[in-house]
Amino acid sequence: MSLFFRLKLNVRSVAAACIVLVSTALNAEDITLDDIAIDGQRYYRATITNSSWEELASQGARYESPYKVSLFNPQHGEDSARLWSQTKSVAAYGVGVAGAMTLLPTSITNWDKSDDRLMQKWWDNVRSGPVWDRDDFAINYIGHPYFGGVYYQAARKSGYRQWDAFIYSFMMSTFYWEYGVEAFAETPSIQDIVVTPVLGWVYGEWAYNKEQQILARGGTVWGSEGMGSTARFFLDPIDSIGRGVNQLFGQDIVKAGTGYIGISEQELDNGLTDKQVKLQLSYRIGGGRTESNISRYSYLNSYHEQTGDPVSYSIVGISAGTSMLQPSSAWGLASGWAPTISLGLYFTPSLSTRLSYARADLKQHHSQHSVTFEQYSLDTQYYFNTEQSLRPYLTAGFGESMRDKDLSQKAFQINLGAGLHYQLAANWALQLDWQQHYSAKHKQSDRQLNAQIVYRFGQGASN
């Protein structure tokens, strides 16, 4: 058996390394570092866990469908026990986050802080949602994606691939937070349900890879282990807190860390196969500091960008542009231009879905005073001629329009339309579409002409 062993060592860790080597040779899948004796002193270190989908032995076997979810049926080496442990930690820490949110001004969070009839308030909020909320920009578009990325990494570091980690982030942000903890204080938010897991996917994958880069430098940032530890905490606070709790109590209270075992079979030139075991840890065994030259050597080339994942965050796209809004006569408003932004998932060259929002100050017909007119929609697009740069498409979905932020005047709408998508490059595209928004409340239709530029994250479009 060939053994590729990469472990961050220090002066007092040679004996521990020998223990790991022997354990690997005997049974690589049962390795544990929970209780190791060095010079007569016992040290606690976490159990090794698979934590990288790219390093699992099953990575050569592609899923039957690229969007198949293995979250509840892990059969490819994913560490479901670690994910469940992390989930319980998130649930506990979330209560503390909710407590901190109650200390912020109501003008920022829009939270109802009264404690009267909590369960009734929760049910009323759940029943009346979701709505388009008006929380502070930093909370909606920085805070929520950040915590979406934290949820994402809990699954990603447990050996799940990107799509599974995204589904986990969606479930946690929607059912645990929006319809769970936060629903005690406010109505679930439409954009948070979408923005948290989607942009959380982009941030979470970036943070996951950034931590691997830090480990590849021996756990340092700008040559400092302290800066490295601080950076890793902010990249993934849940995992960092879990490691700290385990060290404090000297046992695996939380399954945390980023060590993994990769086992694969390689075909040799003579026709035989050779089983290879790769062991990587982000824990230092023993006390004292690690020699910097050993750190650099032991983590050399241990950082891996995602490879071969059938679905990556490249399917996420964000677009911005302008729209000509033409409200029906029921609104009593003149037409006008509005900035528009969309966030979507481009599942295949033929299929995508987008959440779009437009807002403008339009003049009233009778008074010429300006009032705020808002429109959001959640639509699905089907593209034709996908082998070419110019792709006609049809779009359909639903949404709401609202005048002057008055909930009593909002109108639910069904959307239909058609457009053109022009692929400039893998990451960039232009799109132009026309939509008709029919409202049963007003028995009339609003019209909207949209022009936007689209940016796809990661590698972008595959063709």
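This passage describes helix crossings, salt bridges, loop residues and a surface patch in a predicted model.

Three consecutive helices provide two crossings. Helix α5 covers residues 137–156, helix α6 covers residues 162–181, and helix α7 covers residues 190–216. The axes of α5 and α6 come within 8 Å and cross at roughly 125°. That angle makes α5 oblique to α6, and α5 passes α6 in a right-handed crossing. The axes of α6 and α7 come within 9 Å, with a crossing angle of roughly 140°. The relation of α6 to α7 is therefore oblique, since angles over 145 degrees would be needed for the pair to count as roughly antiparallel. The crossing of α6 and α7 is right-handed.

The structure holds 12 salt bridges. One of them joins the side chains of R82 and D239, with an N to O distance of 3.0 Å. R82 belongs to helix α2 (residues 80–102) and D239 to helix α9 (residues 237–249), so this salt bridge ties together parts of the chain that are 157 residues apart in sequence. Both ends of this bridge can be placed by their accessibility. R82 has a relative accessibility of 1% and therefore counts as buried. D239, at 0% relative accessibility, also counts as buried.

D239 takes part in a further salt bridge, in which its side chain meets that of R243 at 3.1 Å, N to O. Here the two residues lie in one element: D239 and R243 are both in helix α9, 4 residues apart, which is about one turn of the helix. R243 counts as buried because its relative accessibility is 14%, and the cut-off for a buried residue is under 20%.

A salt bridge is also formed by K157 and E211, whose closest N and O atoms are 2.5 Å apart. K157 is located in the loop between α5 and α6, while E211 is in helix α7, and the pair links distant parts of the chain, 54 residues apart. The loop that carries K157 thus lies between the two helices of the α5 and α6 crossing, and the helix that carries E211 is the partner of α6 in the other crossing. K157 and E211 are both buried.

These bridges can also be considered together. Through shared partners, salt bridges join R82, K157, E211, R232, D236, D239 and R243 into one network. Among the members of this network are R82 in helix α2, E211 in helix α7, and D239 and R243 in helix α9.

Two loop residues among the later strands have positive phi values. Q368 lies in the loop between β8 (351–363) and β9 (370–383). Its phi is near 65°, a positive value in a residue other than glycine. Q368 has a relative accessible area of 47% and so is partly exposed. N385 is found in the loop between β9 and β10, and its phi is near 55°, again positive in a residue other than glycine. With 44% relative accessibility, N385 counts as partly exposed, as a residue is exposed when over 50%.

A nonpolar patch is present on the surface. It is formed by L390, L420, Y422, L424, W428, L430 and I453, which together have about 630 Å² of accessible area. The elements that contribute two or more residues to the patch are β11 (411–423) and β12 (428–439). Another patch member, L390, lies in strand β10 (residues 390–403). The relative accessible area of L390 is 42%, and L390 is therefore partly exposed.

Strand β11 also contains F412. F412 has a relative accessible area of 45% and is therefore partly exposed. The C-alpha atom of F412 is separated by 9.5 Å from that of H442, and the two residues are 30 residues apart along the chain.

Notes:
Residues numbered from 1 in each chain as written. Predicted model: local features only at pLDDT ≥ 70, side-chain atom pairs only at ≥ 80, totals over all residues. Heavy atoms only, no water. Patch = residues over 30% accessible without salt bridge, like charges linked within 9 Å, V, L, I, M, F, W, Y side chains within 5 Å. Areas by Shrake-Rupley, 256 points an atom, 1.4 Å probe, with all protein chains shown as cover. Salt bridge = Lys/Arg side-chain N within 4 Å of Asp/Glu carboxyl O. Buried < 20%, exposed > 50% of the residue type's maximum accessible area, 1.4 Å probe, protein only. Axes fitted to C-alpha atoms, helices over the stretch in contact; angles between N-to-C directions. Parallel < 35°, antiparallel > 145°, perpendicular 65-115°, else oblique. Left-handed = near helix turned anticlockwise from the far one by under 90°.
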